[in-house]
Each structure stands twice: as C-alpha cells, then as structure tokens.
Amino acid sequence: MTTRTQQTADRGTDQLVGLLGVAFLMTGITMLAGMTMLFAWGMSLVLTLCLALGARRQGRLGPFKPWLIAALVVWLLAFALMHAASNDATRLMFGFTEATAAAVYLLWPAPFLLVTLPYAFLFDRHVLSDADWEAIEQFRDQKQ
Amino acid sequence: MNATIVTIAAIYFAGMIAIGLWAARKTKTSEDYFVAGKGVGMWAIALATMSSAMSGFLFIGGPGIHYSFGMGTLMLTFPAAVSFALAWYMLAKRMRLLAAVRPMMTVPDAIHARYDSNLARGLSAIAILLGVVGYLATQTLAMGVILGQIFGIELWMGVALGVAIVAVYATAGGMIAGIYTDVVQGGIMLLAALITAYLAIDVGGGLPNMTQVIAANNPDWVSPWGGLGPGVVIGWYFVFSLGILGQPQVAHKFYMIREPRRMKWGAVVAAAAAMVTSLVWLSVGTVMRYLADIGDISLASPDDAAPLFMLQYAPSLLAGVFFAGVAAASMSTADSFLNIGAAAFVRDLPMAFGRETSADFQFKWGRIFTVLLAVASGLVAVFSGQLIAILGIFGWGTFAAALAPALGLGLNWARATTAGAIASLIVGVSLQLLLELNNAMGWLPELLPGHVYRAAVSFVASFIVFIGVSFATSPRNLPDDIKAVMNA
C-alpha cells in the first residue's frame with residue numbers, strides 16, 4: 001500500500017472511531033437516563049461500528065459492508081419489536097410471547113447468521129490471504 | 001448420590017488427570033507452558049475458547065436466575081452469537097500476527113508491544129490479577145459444591161478434591177493440558193446441555209404449555225425483560241458481547257493457533273457451541289419455574305434448580321453427564337485463570353518493573369505459582385464467607401472495562417495513544433471497583449439508578465476515555481513490525 005493510500009485509510013479509521021466515540025457517548029447518556037429503546041439502538045450502532053473497525057482492510061469494508069448493514073438493521077428491528085410487540089400469553093409465537101419471540105428467534109440467531117458466518121466465508125477474500133501471511137512470515141524472517 | 005453418577009464423575013476426573021500427565025511429557029519450555037507451544041489446531045482453539053468463556057455459572061447459576069427472574073436473563077447468553085465474532089473480527093488476526101513477529105505469551109505482552117509502555121503493561125497485569133482472583137474463587141467454590149453433591153462429601157472436601165485435580169493437570173501440563181482438557185470439557189458441556197434441554201422441554205409438556213402456565217402467575221416473567229426491566233437486560237447484552245474483547249482467557253488463545261489461515265472457522269464453531277450450550281439455561285430454568293408454579297417442586301435456593309431437576313427427572317446416566325459437565329465448566333475456566341494468573345506473577349509484573357525474567361525462571365516459577373494460586377483459591381472458597389460473593393463480582397466486567405478498549409480498539413486503530421490506553425485502564429478498573437464495592441459494602445447511597453447495570457457504566461466510560469484521550473494526545477510512531485501487523 002502506498003503512503004498516500006495508507007494516510008487516506010488512517011483518516012477513514014480516525015473518522016470511524018470518532019463516530020464510535022459519539023455512539024458510546026449517546027449510549028451512555030441514554031442508558032443513565034433510562035431511555036431504553038435509544039440505549040438499545042445506540043448499543044447496536046456501537047457493536048456494528050466495532051465490527052466494521054475490525055473488518056476494515058486498507059480503508060475498505062469490502063464484502064463485509066452489506067452484511068454489517070443487514071446486522072444493524074436486524075438489531076434495530078429486534079429491539080424495537082421487543083419493546084413494542086405484544087406480551088400476551090394467549091398469542092404465542094413458537095412457544096413464546098411475540099415480544100420474547102423477537103428476542104429468541106431474531107436477536108439471538110441473526111448475529112450468528114449475518115456476522116459470524118460471513119467471517120468464515122469472506123476470510124480468504126478480505127481477512128487474511130496466503131499472500132498476507134507470507135508477507136508477515138517474510139517480515140519475521142528478516143527480523144531473525 | 002447414586003453409583004452411576006459417581007462412576008461417570010470418577011471416569012471424567014481420571015480422564016482429566018490422564019490428559020494432564022500426557023501433556024506434561026510435551027511441556028518442556030515456558031512457551032509450551034503458557035501458550036501451548038503456539039501449535040494448537042482450529043477446532044481445539046474454538047472449543048477451548050468456548051468452554052473457558054462459559055463457566056460453571058451456565059449450568060447452575062444461569063438456570064437459577066432464569067427460574068427467579070425469567071426470560072430477561074437470556075440476554076446473558078444471547079451475546080454468544082456475536083461476541084465470538086467480535087473477538088475474531090477485532091483480535092484473532094492481530095494477536096496471531098503479533099505472535100508471529102514478537103515473542104508473545106500474555107495479554108500484557110500485546111499491550112506492551114502496541115503501546116511500548118511498562119506502565120500500561122503493569123496496569124493491565126494488575127487488572128488481570130483482580131479479575132483472576134474473582135473468577136478463581138467463585139469457580140473453585142462451584143467445583144466444591146458440585147463435587148460435594150456428586151460424592152456426598154462436605155464442601156471443604158469437595159473444594160480440596162477439585163483444587164487437587166485442576167492443580168495436578170494444570171501444573172503438570174500447563175496450557176497444553178488446559179487446552180485439551182478444555183476440548184473434552186467443551187464436548188461434555190455440549191452433550192449434557194443438548195440432551196438436558198430436550199428432556200426439560202419434554203417434562204414441561206412443551207414451551208407453549210409452560211409459557212401459558214407461568215404467565216398466568218407472573219406475566220412479567222415471560223416478557224423479554226423478565227422481572228428485571230429493559231435497562232439492566234440491555235446492559236447485560238452490551239457488556240457480555242463487546243466485553244469479550246477484554247477477556248484474557250479468550251484473547252491469549254489466539255497466540256496459540258498453529259495455522260493462522262485456518263482460524264476462519266473458529267468463531268463459527270465457538271459461537272455455535274456456546275449457543276447450543278446455552279439451551280440448558282433456557283430449558284431448565286423454564287421447566288423448574290413451571291414445575292414450581294404447578295406445585296410439583298419447591299426450591300430452597302434458586303441455585304438448586306438444575307441439580308434438583310437432574311436428580312428428580314433425568315435418568316442417572318444423563319444426570320452423571322450433566323454433573324460432569326458442570327464440573328467441566330468450572331474446571332475449564334479455573335485452569336485458564338490459573339495459567340493466566342501465574343503468568344502475571346512470573347512474567348508480566350516483573351517485566352512491568354523493567355526486570356526481564358528468563359524462560360527457565362518463568363517455566364519453573366510458573367508451575368509453583370499455579371499450585372500456590374490453586375491452594376489460595378481453595379482456602380478463599382472455604383474460609384472467606386461473604387468475601388467470596390464480593391470477589392465474584394470482579395470477573396467479566398472488570399476485564400471488559402479495563403482491557404477491551406486498549407486491546408480491541410488499540411490493535412485496530414493506529415491513532416490510539418499510550419496515554420489513552422493508560423487512562424482507560426485506570427478509569428475502567430477504578431470505576432468498576434468503586435461501583436461494585438460500594439454496592440456490596442454499602443459505603444455510600446447507591447450511586448446509579450436501579451435500571452442501570454453497573455459494569456456497563458465503567459465499560460462505556462473506559463471506551464469514551466480511551467477514544468477522547470487518544471484524540472487529545474499525539475500518537476507515537478509505530479515500529480515497522482507492529483505497523484505491518486495492524487495494516488495486514
């Protein structure tokens with residue numbers, strides 16, 4: 001990577017972390033104020049931004065971008081449903097009240113499908129290729 | 001306790017000691033002792049990470065609080081679906097590549113490599129020791145309780161037996177024994193959880209039946225927040241997902257991966273195993289609440305929920321596997337922390353004071369400190385009375401607040417500064433201590449509103465301080481090898 005590209009990538013990371021700082025601040029304030037829906041949404045944004053920070057390579061999210069956007073949308077939706085859906089035990093959805101079903105059938109498995117699985121599938125393309133590892137090995141050999 | 005349960009438990013313990021003795025023959029250097037010679041395969045790393053992260057609380061305390069407070073407690077287990085991914089996205093590659101270019105054995109080594117600061121290394125070692133004391137004491141007590149139930153012996157004898165078994169295999173075989181016993185223990189936990197969950201739902205006549213009966217008595221119990229309210233429950237989800245970035249028993253395992261290119265499936269295996277294991281929490285807690293509501297059982301303590309269910313409703317063979325699974329969960333967490341605690345004493349703290357210790361010194365004294373820590377945790381478990389409840393609170397939350405920003409963000413953000421790391425370490429640990437000790441000791445009126453999970457406050461504050469101070473101070477020029485690791 002050229003110095004110029006690296007500088008652009010670093011600036012992008014600084015902006016991402018700046019946004020993460022603001023998200024943490026808003027999450028902390030809404031948590032203390034007892035604004036639980038906003039707290040949950042702020043936390044969802046924090047989690048997504050952290051994943052984005054870990055997934056970035058050379059300033060790009062690459063193929064992770066749609067997956068992380070989808071994960072954020074599902075988190076926001078799941079917490080909204082948990083707040084707003086019915087808790088009437090006469091209207092059950094697969095054994096749980098509708099609000100609890102949003103937690104069990106959406107909040108629980110969705111991050112596994114949208115965040116954890118893509119890491120494995122996109123690893124070779126975007127996380128660590130053979131060439132990346134060889135470059136680190138060369139670095140180590142030079143040091144020795 | 002019946003003969004089948006005792007026999008299964010005895011076979012399991014003999015197996016653990018056998019693994020320890022096998023590993024002892026492979027353990028010849030301090031690198032073998034503390035990081036399993038950096039030669040562990042993907043499946044073993046994934047299962048060991050899962051089993052050391054999921055303690056005995058999953059099998060005993062979890063169903064107990066689920067029985068008491070309802071569905072909201074699931075938010076302590078649901079983070080597993082994303083927490084392992086966070087660890088792999090943010091830590092796995094960086095930690096493994098660090099271990100390729102520098103001699104890494106502990107989490108404070110990574111902190112030192114990233115920030116070139118002995119103070120940051122020392123503070124992270126102190127934070128780790130605080131958490132280790134809490135984790136070890138509670139896991140040792142849990143081992144004592146469960147062994148006491150299995151063999152019908154007194155608590156102190158159960159503690160002594162548990163400490164002896166873990167100390168033998170952890171001292172003899174170091175992290176090689178720790179990893180491979182964790183793999184077996186993870187397998188037992190999975191098997192026990194899966195069969196127990198099926199049985200529990202069957203005993204309760206299915207989830208719809210249990211939900212309707214419980215809701216008739218207590219509608220809050222079946223809501224997604226249970227009897228706790230959304231503030232606390234969302235705080236749990238937050239700290240137990242992102243907080244994994246500060247857990248040394250998870251982070252240092254990435255040094256041990258033999259082939260970095262094969263680590264891609266690790267998060268999937270660890271998360272899937274943790275999610276399946278969590279079923280025991282949901283199913284046993286729910287069926288015991290249902291059985292209590294229809295008048296079939298009465299519990300003296302919520303922590304009796306899972307043992308009583310196994311003894312009254314499960315076949316002896318399954319009960320034996322379950323009790324072995326509980327002991328396995330406690331032991332797999334305890335052995336990791338014995339190793340991490342010993343490394344803090346013989347490597348991290350001396351190096352923080354600028355004193356290099358030789359590999360031979362670390363190997364020899366690492367074993368001695370493993371034994372000393374095991375014995376000390378046993379004594380604390382038996383004799384400390386209320387102190388153990390206080391020590392128990394310095395676990396996950398302390399690691400999360402102290403280490404997650406410096407490690408998780410720091411390895412992914414070149415602009416992060418040494419001052420930011422030191423400030424967040426100090427704020428994270430001190431705020432966590434202040435809030436939790438004040439709550440336990442009642443020195444001052446409660447400092448936070450009732451809807452707030454205390455660890456979430458120190459956690460958020462630590463991140464904000466880390467980011468704010470890093471932006472306000474000048475970053476150092478990173479060495480080429482660290483730059484290469486962070487840009488990879």
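**Exercise 1. Determine whether B:V457 is buried or exposed in this predicted model, and identify its surroundings.**

*Solution.*
Step 1. The relative accessible area of B:V457 is 14%. Because the cut-off for burial is under 20%, B:V457 counts as buried.
Step 2. B:V457 belongs to helix α19 of chain B, which covers residues 454–472.
Step 3. Leaving out residues up to four places away in sequence, B:V457 touches B:L431, B:L435, B:L448 and B:V452, together with A:M31 and A:L32 of chain A.
Step 4. B:V457 and B:V239 are 218 residues apart along the chain, yet their C-alpha atoms are separated by 9.5 Å.

**Exercise 2. Test whether the end-to-end distances of α1(A) and α12(B) agree or disagree with the expected helical rise.**

*Solution.*
Step 1. For α1(A), 31 residues at 1.5 Å a residue should span 45 Å. The C-alpha atoms at its ends are 45 Å apart, so the two values agree.
Step 2. For α12(B), residues 266–293, the 28 residues should span 40 Å. The end C-alpha atoms are 41 Å apart, which again agrees.
Step 3. Consider what follows each helix. A:G34, just after α1(A), has a positive phi of about 75 degrees, and B:G295, just after α12(B), has a positive phi of about 85 degrees.
Step 4. As to covering, 24 of the 28 residues of α12(B) are buried.

**Exercise 3. Describe the contact between chain A and chain B.**

*Solution.*
Step 1. Chain A contributes 68 residues to the contact and chain B contributes 72 residues.
Step 2. About 6100 Å² is buried between the two chains, 77% of it on carbon and sulfur atoms. On the side of chain A, the residues that lose the most area to chain B are A:F24, A:W108 and A:Y119, which together account for 13% of what that side buries.
Step 3. Between the chains there are 18 residue pairs in polar contact. The elements that give two or more residues to the side of chain A include α1, α3, α4 and α6. The largest share, 14 residues, comes from α1(A).
Step 4. By class, this side of chain A has 44 nonpolar, 17 polar and seven charged residues.

**Exercise 4. Which residues do A:F79 and A:T100 touch?**

*Solution.*
Step 1. A:F79 is located in helix α3 of chain A and is buried, its relative accessible area being 0%.
Step 2. Beyond its neighbours within four places in sequence, A:F79 is in contact with A:M37, A:A40, A:W41, A:M43, A:S44 and A:L107, and across the chains with B:M75, B:I234 and B:Y237. The C-alpha atoms of A:F79 and A:A103 are 7.7 Å apart, with their positions 24 residues apart in sequence as the separation.
Step 3. A:T100 is located in helix α4 of chain A and is buried at 1% relative accessibility.
Step 4. With residues up to four places away in sequence set aside, A:T100 touches A:N87 as well as B:M71, B:V222, B:S223 and B:P224.

**Exercise 5. Trace the salt bridges between the chains, then examine two within chain B.**

*Solution.*
Step 1. The whole structure has 11 salt bridges over all chains, and three salt bridges are counted between chain A and chain B.
Step 2. B:R261 and A:D130 meet at 2.5 Å, N to O. The pair runs from the loop between α11 and α12 of chain B to helix α6 of chain A. B:R261 is buried at 18% relative accessibility, whereas A:D130 is partly exposed at 45%.
Step 3. Within chain B, B:R121 and B:D109 form a salt bridge at 2.7 Å. B:R121 lies in α7 and B:D109 in α6, so the pair ties together parts 12 residues apart in sequence. B:R121 and B:D109 are both buried.
Step 4. B:R289 and B:D293 meet at 3.4 Å, N to O. These residues of α12(B) are four residues apart, and therefore separated by about one helical turn. B:R289 is buried at 18%, while B:D293 is partly exposed at 23%.
Step 5. Shared partners join A:D124, A:D130, B:R261 and B:K264 into one network of salt bridges.

**Exercise 6. Compare the settings of A:Q58 and B:A36, two residues with a positive phi.**

*Solution.*
Step 1. Most residues other than glycine have a negative phi. A:Q58 has a positive phi of about 50 degrees, and B:A36 also has a positive phi of about 50 degrees.
Step 2. A:Q58 lies in the loop between α2 and α3 of chain A, and B:A36 in the loop between α2 and α3 of chain B.
Step 3. A:Q58 is partly exposed at 46%, whereas B:A36 is buried at 9%.

Key. Residues numbered from 1 in each chain as written. Chains lettered and ligands numbered in written order. Predicted model: local features only at pLDDT ≥ 70, side-chain atom pairs only at ≥ 80, totals over all residues. Heavy atoms only, no water. Contact = heavy atoms within 4.5 Å. Buried area = accessible area lost by both parts, 1.4 Å probe. Salt bridge = Lys/Arg side-chain N within 4 Å of Asp/Glu carboxyl O. Polar contact = N/O pair within 3.5 Å; in protein donor to acceptor, adjacent residues only side chain to side chain. Nonpolar A, V, L, I, M, F, W, Y, C, P; charged D, E, K, R; others polar. Expected span 1.5 Å × (residues − 1). Buried < 20%, exposed > 50% of the residue type's maximum accessible area, 1.4 Å probe, protein only.
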